[in-house]
Amino acid sequence: MLAPFTAVLSFIVVLAGTLCLYEFFLYDADEKAAAPVRSRIYLGSVLLLVLLGVGGLVAIATNAVSQMTVLGLIGIFGAFPAFAQYLFHRQIDAETGPLARRVSDRWS
């Protein structure tokens, strides 16, 4: 019963990482230039999240590692992109990301 939950959670992590990667490319060059180190840390953490989700799916499909290991890694590294984005936004004085701005502009 733990394997399907872990597989679904890994798939959700891949989707969330892909969405974060899309949002990273919505930042303009001026925002990335204002905080080059933190923007790269954010990009690296997003790529880590995607690789973690894909690795979790592969590990569950092949029984390479236990499900608890995959859940533990997702639990440890899952929030890192949000923290990196928070630090990035703090340095460039942004309240929200470009994706949230697009959504709020569309619904306003």
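Trainee: What makes Asp93 count as exposed?

Mentor: Let's set its value against the cut-off, keeping in mind that this is a predicted model. Asp93 has a relative accessibility of 70%, and exposed means over 50%, so Asp93 counts as exposed. You will find Asp93 in the loop between α5 (80–92) and α6 (98–107). Its phi is near 55 degrees, a positive value in a residue other than glycine.

Trainee: Which residue in the loop between α3 and α4 can I look at next?

Mentor: Try Asn63, which is found in that loop. Asn63 also has a positive phi, about 55 degrees, although it is not a glycine.

Trainee: How do you know whether Asn63 is buried or exposed?

Mentor: By the same kind of reasoning. The relative accessible area of Asn63 is 58% and the cut-off is over 50%, so Asn63 is exposed.

Trainee: Why are α3 and α4 called roughly antiparallel?

Mentor: Their axes come within 10 Å and cross at roughly 170 degrees. Angles over 145 degrees count as roughly antiparallel, and therefore α3 and α4 get that description. On the α3 side, the contact is made by Leu48, Leu49, Leu52, Gly56, Ala59 and Ile60; α4 contributes Gln67, Val70, Leu73, Ile74 and Phe77.

Trainee: How many nonpolar, polar and charged residues does the contact of α3 with α4 have?

Mentor: It has 9 nonpolar residues, 2 polar ones and no charged ones. Gly counts as polar here.

Trainee: How do you know that the buried residues of α4 are on the same side?

Mentor: The buried residues of α4 (residues 67–77) are Val70, Leu71 and Ile74. They cover an arc of only 95 degrees around the axis, which puts them on the same side of α4. There is a general pattern to remember: an α-helix has 3.6 residues a turn, so residues three or four places apart point the same way. On the other side of α4, Met68, Gly75 and Ile76 are exposed.

Trainee: What covers the buried residues of α4?

Mentor: The cover includes α1 (2–24) and α3 (36–62).

Trainee: What makes Leu57 partly exposed, and Val14 buried?

Mentor: Take Leu57 of helix α3 first. Its relative accessibility is 30%, and partly exposed lies between the 20% and 50% cut-offs, so Leu57 counts as partly exposed. Val14 lies in helix α1 and has a relative accessible area of 15%. Buried means under 20%, so Val14 is buried.

Trainee: Which residues are in contact with Leu57, leaving aside its neighbours within four places in sequence?

Mentor: They are Ala7, Ser10, Phe11 and Val14. Leu57 and Ser10 are 47 residues apart in sequence, and their C-alpha atoms are 5.9 Å apart in space. With the same kind of neighbours left aside, Val14 is in contact with Val50, Gly53, Val54 and Leu57.

Trainee: And how do you know whether Ser45 is buried or exposed?

Mentor: Ser45, found in helix α3, has a relative accessible area of 2%. Buried means under 20%, so Ser45 is buried. Leaving aside its neighbours within four places in sequence, Ser45 is in contact with Phe80, Pro81 and Ala84.

Trainee: What lies 2.8 Å from a polar atom of the Ser45 side chain?

Mentor: That is the backbone oxygen of Tyr42. A polar contact needs N or O atoms within 3.5 Å, and 2.8 Å meets that cut-off.

Definitions and conventions:
Residues are numbered from 1 along each chain as its sequence is written. This is a predicted model: local features need pLDDT of at least 70, side-chain atom pairs count only at pLDDT 80 or more; totals for chains, interfaces and linings use all residues. Side-chain values use heavy atoms; hydrogens and water are left out. Buried means under 20% relative accessible area, exposed over 50%, partly exposed in between (1.4 Å probe, protein chains only). Helices (H or I, at least four residues) and strands (E, at least two) are DSSP runs, numbered from the N terminus. The arc is that of the directions from the helix axis to the C-beta atoms. Contact means heavy atoms within 4.5 Å. Axes are lines fitted to C-alpha atoms, for helices over the stretch in contact, and angles run from 0 to 180 degrees between N-to-C directions. Angles under 35 degrees count as roughly parallel, over 145 as roughly antiparallel, 65 to 115 as roughly perpendicular and the rest as oblique. A polar contact is a pair of N or O atoms within 3.5 Å; within protein, one must be able to donate a hydrogen and the other to accept it, and residues adjacent in sequence count only if both atoms are side-chain atoms.
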